[in-house]
Every structure is written in structure tokens, then in C-alpha cells.
Amino acid sequence: MKATALFCVFLIVMTATPISAQKTVIEEPQSTHFSAGVILGYNSGMKFQGYGMVSNFAENFPLNARLSVGYSFVQPGDAAAARRIFINNATNGIPEDKGRVLDFRLDLMYPIEVLSIDRAFLYGGPRYSRFKGNFKYVGGNEDFDVTSSHWGIGSGIESYFRMSAKVDLVISAGFDYFFESTLTGHDTSYSPDGEEVNGREDYTYDDADDAIEQPNIEPILMFGFSYNF
């Protein structure tokens with residue numbers, strides 16, 4: 001009886017061991033991957049952009065997530081028209097102008113195949129931008145800003161080319177679309193809904209929008225470098 005019992009225990013152990021071993025073989029999840037980069041090029045004007053990207057941050061989630069901050073040097077608009085619409089009809093002084101756009105963007109990136117490129121992504125997501133155009137009239141005693149803030153969306157294609165174990169060359173192309181927003185300059189503002197504060201003469205939001213080069217539909221063509229941590 002003892003021999004029979006021992007034999008039965010032996011069979012159970014031999015049968016159970018492969019199952020137990022099989023249960024312990026668990027596929028390790030891929031580790032979260034971080035990268036950061038700097039790119040430059042054209043987006044409303046000459047632009048510099050920095051970003052951080054994370055991938056494999058959720059099991060079986062196919063998208064990468066990227067947060068970016070950009071700064072663009074832009075043409076602010078028609079200086080003479082801006083003066084008439086936001087201040088007065090004076091024409092004295094030599095006009096000087098400059099503009100910039102500060103933007104923040106969140107993109108989700110999906111891997112695709114483009115022209116046999118191994119590491120290409122279709123990206124898209126929301127944008128938020130802050131525009132400021134400065135108009136100065138040398139000798140005319142006028143120096144004022146026109147500002148606006150915009151929400152928008154954007155999309156494009158981005159490709160990565162390995163240069164070393166840690167560094168990639170990045171090329172990005174796409175477009176952004178920003179929704180209309182209130183334009184404010186001096187003590188005057190024009191809103192898309194027709195509301196005006198201290199509007200000049202019979203000027204409307206459409207007149208202000210034509211005069212000021214605030215963000216609207218903006219193409220993107222940029223390149224730079226990414227560092228993989």
C-alpha cells in the first residue's frame with residue numbers, strides 16, 4: 001500500500017511540474033520608453049520647438065504620446081491697417097513691426113508605413129497658441145500690441161532615422177488649423193461673434209482679421225534631432 005501511495009504521489013508530481021513551470025513563464029511587459037527632441041523649420045514663420053515623448057506607457061496601447069512647446073517668429077500683419085482699425089487714422093511715423101506665436105501641443109502618434117520607411121508615424125491632437133504682433137511708428141508716437149489666443153487641431157506625418165544608438169534624425173510635415181478668436185489692441189477689441197469694445201469707425205472683426213496675421217491654417221515643415229533615454 002505504501003508503495004502504491006508513493007507511486008501515485010510520484011505521478012502527480014511529474015504531471016503537475018510542467019503545468020506549474022508553464023504558469024511561471026509570464027511574458028514581461030515592454031518597458032516605458034522616453035525621448036526628447038528639438039526641431040526647427042517653418043510653421044507660421046521660422047519656428048523652434050522642443051518636445052518630450054513617451055511610448056509603451058500602457059499595455060497593448062498602440063500610440064505614443066508627445067507634448068511640445070514651440071516659438072515662432074511671424075509677420076504680424078499690415079501696420080497701416082492695424083493703426084487705423086485699433087487706434088486712429090494718423091499716418092505720421094515710420095512703421096516697424098514684429099510678431100511671435102507661442103504654442104503648446106499634445107499629439108498621439110500611430111506607427112505607419114510610408115515609402116518603406118521603418119519608423120514613421122501619423123500624428124494629431126489639440127493645439128493652443130498665443131499670438132502677439134507689435135506695431136511701432138518711429139516719430140509718430142505710437143507703439144502698441146495686438147494679441148489673440150487660439151485653440152486648434154493639427155495633424156501630420158513624422159519620420160525617424162537612426163544616427164546612433166541614442167540619437168535620431170527627425171523630419172515632420174503637416175498642418176495646424178486654429179479657430180477664430182478675439183483680437184485685442186490698445187483699448188480696442190473685435191470678436192468673431194460681432195462684439196466690439198471701443199471699435200473704430202465702422203470696422204468689423206473681418207477687417208481686423210484681414211489686417212492681422214493671427215494663426216489660422218498653418219503648414220508645417222520641420223526637422224531636428226531626438227534623443228532616446
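Visitor: Is phenylalanine 161 buried, partly exposed or exposed?
Guide: This is a predicted model, and phenylalanine 161 has a relative accessibility of 33% in it. Buried means under 20% and exposed means over 50%, with partly exposed in between. Because its value is 33%, phenylalanine 161 counts as partly exposed.

Visitor: In which strand is phenylalanine 161 found?
Guide: The strand in question covers residues 142-162. Phenylalanine 161 therefore belongs to a strand by the DSSP assignment, and that strand is β6.

Visitor: What is the accessible area of the nonpolar surface patch that includes Phe161?
Guide: Phe161 shares this surface patch with Leu40, Met46, Phe48, Tyr71, Phe73, Ile171 and Phe223. Strands β2 (46-55) and β3 (64-74) are the elements that give two or more residues to the patch. Together, the patch residues have an accessible area of about 740 Å².

Visitor: How many aromatic pairs are counted, and what is the arrangement of phenylalanine 48 and phenylalanine 73?
Guide: The count of aromatic pairs comes to ten. In the pair of phenylalanine 48 and phenylalanine 73, the ring centres lie 6.4 Å apart and the planes meet at 90°. Phenylalanine 48 is in strand β2 and phenylalanine 73 in strand β3, so the pair links parts of the chain that are 25 residues apart. Planes over 60 degrees apart count as edge-to-face, and the arrangement of this pair is therefore edge-to-face.

Visitor: Which residues do ring pairs link into a cluster?
Guide: Two members of the cluster are partly exposed: phenylalanine 48 has a relative accessible area of 41%, and phenylalanine 73 has one of 46%. Ring pairs link the cluster, whose residues are Phe48, Tyr71 and Phe73.

Visitor: What is the centre-to-centre distance in the pair of tyrosine 177 and phenylalanine 179?
Guide: Tyrosine 177 is partly exposed at 33% relative accessibility, and phenylalanine 179 is partly exposed at 40%. Their rings form an edge-to-face pair with 90° between the planes. The distance from centre to centre is 5.4 Å.

Visitor: Is threonine 188 buried or exposed?
Guide: Threonine 188 lies in strand β9 (residues 188-190). Beyond its neighbours within four places in sequence, it is in contact with Ile85, Phe86, Leu183, Val197, Asn198, Gly199 and Arg200. Its relative accessibility is 1%, so threonine 188 counts as buried.

Visitor: Which residues have a backbone oxygen that lies 3.3 Å or 3.0 Å from a polar atom of the side chain of threonine 188?
Guide: The 3.3 Å distance belongs to the backbone oxygen of phenylalanine 86. The 3.0 Å distance belongs to the backbone oxygen of another residue, asparagine 198. The two residues are thus phenylalanine 86 and asparagine 198.

Visitor: How many residues of helix α2 are buried?
Guide: Helix α2 spans residues 79-86 and is mostly covered. Its buried residues are Ala79, Ala81, Ala82, Arg83, Ile85 and Phe86. What covers them includes β4, β5, β6, β8, β9 and α3. Of the eight residues in α2, the number buried is six.

Visitor: Which residue caps the N-terminal end of α2?
Guide: A side-chain oxygen of the capping residue lies 3.1 Å from the backbone nitrogen of alanine 80. The residue that caps this end is aspartate 78.

Methods: Residues are numbered from 1 along each chain as its sequence is written. This is a predicted model: local features need pLDDT of at least 70, side-chain atom pairs count only at pLDDT 80 or more; totals for chains, interfaces and linings use all residues. Side-chain values use heavy atoms; hydrogens and water are left out. Patches are made of residues with over 30% relative accessible area and no salt bridge: like charges are joined within 9 Å, nonpolar side chains (Val, Leu, Ile, Met, Phe, Trp, Tyr) within 5 Å. Accessible areas come from the Shrake-Rupley method with a 1.4 Å probe; for residues, only the protein chains shown count as cover. A salt bridge is a side-chain nitrogen of Lys or Arg within 4 Å of a carboxyl oxygen of Asp or Glu. Helices (H or I, at least four residues) and strands (E, at least two) are DSSP runs, numbered from the N terminus. Buried means under 20% relative accessible area, exposed over 50%, partly exposed in between (1.4 Å probe, protein chains only). A polar contact is a pair of N or O atoms within 3.5 Å; within protein, one must be able to donate a hydrogen and the other to accept it, and residues adjacent in sequence count only if both atoms are side-chain atoms. Contact means heavy atoms within 4.5 Å. Rings of Phe, Tyr and Trp (its six-membered ring) pair if their centres lie within 6.5 Å; planes under 30 degrees apart count as stacked, over 60 as edge-to-face and the rest as tilted.
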